[in-house]
Amino acid sequence: MSSASIPAASVPAKTLAPGVVVHPDHATLISLLDNAPLRLPHYVAWFLSSGGTLLDGFSVFMLGMAIPLVVAEIAFTTFQLAFLGAGLVAGAVLGAATGGRLADRIGRKSVFLLDMLFLLLAALGAALSWEPWFLIITQTLVGVAIGMDFPVSSSYIAECMPHRSRGRMMVATIASQSVGMLLAALLVLSLLHLHGAAEVWRFFFVAEALIAAFFLVARMQLAESPRWLMSKGRNREAVHAISHLIPEDRRDLEQIATRLANTPFHAARIARSDHPPAFTAIFSAPYRRRTFLSTAPWFLMDMATYGIGLFTAVLLGAMDFGAQSKTVSAHIEALTTGSGFIDLFLLLGFLVGIWAVVRFGRIRMQLIGFGGMALGMAILLVSTLLPGGPQAQVALVFIGFILFNLFMNMGPNSTTYVLPAELFPTQLRGTGAGFAAAVAKVGATLGVFLLPLIKARVGVVGVLVLMIAVSLLGLITTWLFRVDDRERTLEEHQAADLA
């Protein structure tokens, strides 16, 4: 970009998209971000932003494998065991709601650092737990930290990635969940081989703390989101952040920053104000439908995802998978191997989603995904009803789990993460994404809390019937609240409401 190409201060406001009029220098900066080639700094920013979703999958898998070992060492009641699983995702409700709101107020990077510090301390506390309620509390705090990260990571990736790569990079971010699960499976197997005693579960949480420490230190080098800085009128800091991502002439960027001074960037249907928009703005007329689309299907998806994900090992155990093992550690090793194999298809689903979500659209893939999840659970249900039960229908059991995981990740587990960050403006992106994630974690909490209770009362059949119903409800709510989801820039998504 040469100096001659920079709009002069006297040039009138520029139409960035139909109905979105901004300062011409802001339009130039947004164009630079949207049209930049995908370079190494983008990939580094993506990797560091994906730490929270990676640790989400890691923590869910680790806790699922730790529960049988914990119970062998510490006496848990059925009620406490339900709270142990539910605490991890219940904490994420508070974390997501506060993390998203904080990110809109104090910045994406600040919350990125805060949540990893919080996770590090909570995971260490879990490793040192000596009685049920202390472990429940520390796992709840792990959930708070992970919940804080969810809306920040989606907002940051949406705001920093080039337009044509945004969808793929956001799906790749949530795909880190399955990478975290597979990493956890490898670590569990390694630790069980090195230390087969029941207390090995403590090393599971130490490993979690070490990963959090790595991301805490690495994220200190991360630049703040340029769009968020511009929305606050911190334009000089914004051009410095842009220079970390794009090899532009610093002198040209400095000229733009000088002309913009403290002018805030505004591309939203909320009124311009020196004060942060109220939380209730996400329920105003322009964003109400988007809020419902972002929350209701995600609530239902997480109810199924976390319920099945956290208790895959429990369900396999209930189907007598690995029951021939002579010791608790050998039994956990068999369950880890089975769960890890199933979770490979989580990653495959995400890999398909990286291509399909952009190719076919967010809404279509969300509908297909919920339908496939219901089909997977239906196959599992059939396996329990056929002669000999699941013990005689091992192939059907694995086919059901595989279809559930495959369709979930190529569909709603990808799209529910992407949509809130795209549909809300910069001033509300963290708030909207945080509220959606918080509602989703309420669903996750219900799924994780209810699943062991339903299993204890009516068996695996009751669990599977519930999961089929939840998946079908996800399909219905997606259809009811659907919006036009064609590929657009973030600002064009706002123009869709303004036109």
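This is a short talk on the helices, aromatic pairs and salt bridges of one predicted protein chain.

Hi everyone, let me begin with the ground rules. The model is predicted, so local features need pLDDT of at least 70 and side-chain atom pairs count only at pLDDT 80 or more, while totals for chains, interfaces and linings use all residues. Residues are numbered from 1 along each chain as its sequence is written, and side-chain values use heavy atoms, with hydrogens and water left out.

Now the overall picture. The protein chain has 21 helices and two strands; these are DSSP runs numbered from the N terminus, with H or I over at least four residues for a helix and E over at least two for a strand. Of the 499 residues, 60% are buried. Buried here means under 20% relative accessible area, exposed means over 50%, and partly exposed is in between, with a 1.4 Å probe and protein chains only. The chain exposes about 18100 Å², and carbon and sulfur atoms supply 68% of that; the areas come from the Shrake-Rupley method with a 1.4 Å probe, and for residues only the protein chains shown count as cover. As for contacts (heavy atoms within 4.5 Å), take those with a separation of 6 or more: residues 24 or more positions apart account for 84% of them.

One helix to look at is α15, residues 362-385. Its 24 residues reach 35 Å from the first C-alpha to the last, close to the 34 Å expected at 1.5 Å a residue. That expected span is 1.5 Å times one less than the number of residues. Helix α15 is mostly covered, with 17 of its 24 residues buried.

Let's move to helix α6, residues 132-160, where we find Leu-141. Leu-141 is partly exposed, at 32% relative accessible area. Leaving aside residues up to four places away in sequence, Leu-141 touches Phe-118 and Ala-122. Its C-alpha is also 8.8 Å from that of Gly-95, 46 residues apart along the chain.

On to the aromatics. A pair of rings is described by the distance of the centres and the angle of the planes. Rings of Phe, Tyr and Trp (its six-membered ring) pair if their centres lie within 6.5 Å; planes under 30 degrees apart are stacked, over 60 edge-to-face, and the rest tilted. How many aromatic pairs does this rule give? The count comes to 15. One of them is Trp-130 with Phe-134, stacked at 4.6 Å centre to centre and 25 degrees between the planes. Trp-130 is exposed, at 60% relative accessible area, while Phe-134 is partly exposed at 27%.

Phe-150 and Tyr-417 make an edge-to-face pair, because their centres are 5.9 Å apart and their planes stand at 85 degrees. This pair links distant parts of the chain, with Phe-150 in helix α6 and Tyr-417 in helix α18 (residues 412-423), 267 residues apart. Both rings belong to buried residues. Phe-150 has a charged partner too: the charged end of Lys-441 sits over its ring, 4.3 Å from the centre. To count as over a ring, NZ of Lys or CZ of Arg must be within 6 Å of the ring centre and within 35 degrees of the ring normal. Arg-482 does likewise with Trp-479, its charged end lying 3.7 Å from the ring centre. There is also an aromatic cluster formed by Phe-47, Phe-214 and Phe-215.

Last topic, salt bridges. We call it a salt bridge when a side-chain nitrogen of Lys or Arg is within 4 Å of a carboxyl oxygen of Asp or Glu, and the structure holds 16. Arg-259 and Asp-25 meet in one, at 3.0 Å from N to O. That pair joins helix α11 (residues 250-260) to helix α1 (residues 24-35), 234 residues apart. Which of the two partners, Arg-259 or Asp-25, is buried? Asp-25 is, with 0% relative accessible area, whereas Arg-259 is partly exposed at 27%.

Helix α18 comes back through Glu-422. Glu-422 bridges to Arg-166, with the closest N and O atoms 3.1 Å apart. Arg-166 lies in helix α7 (residues 163-194), so the pair ties together parts 256 residues apart in sequence. Glu-422 is buried at 1% relative accessibility, and Arg-166 is buried at 1%. Glu-422 also forms a salt bridge with Arg-362, at 2.5 Å between the closest N and O atoms. Arg-362 brings us back to helix α15, 60 residues from Glu-422, and Arg-362 is buried at 2%.

Finally, a network of salt bridges links Asp-104, Arg-108, Glu-159 and Arg-429. Thanks for listening!
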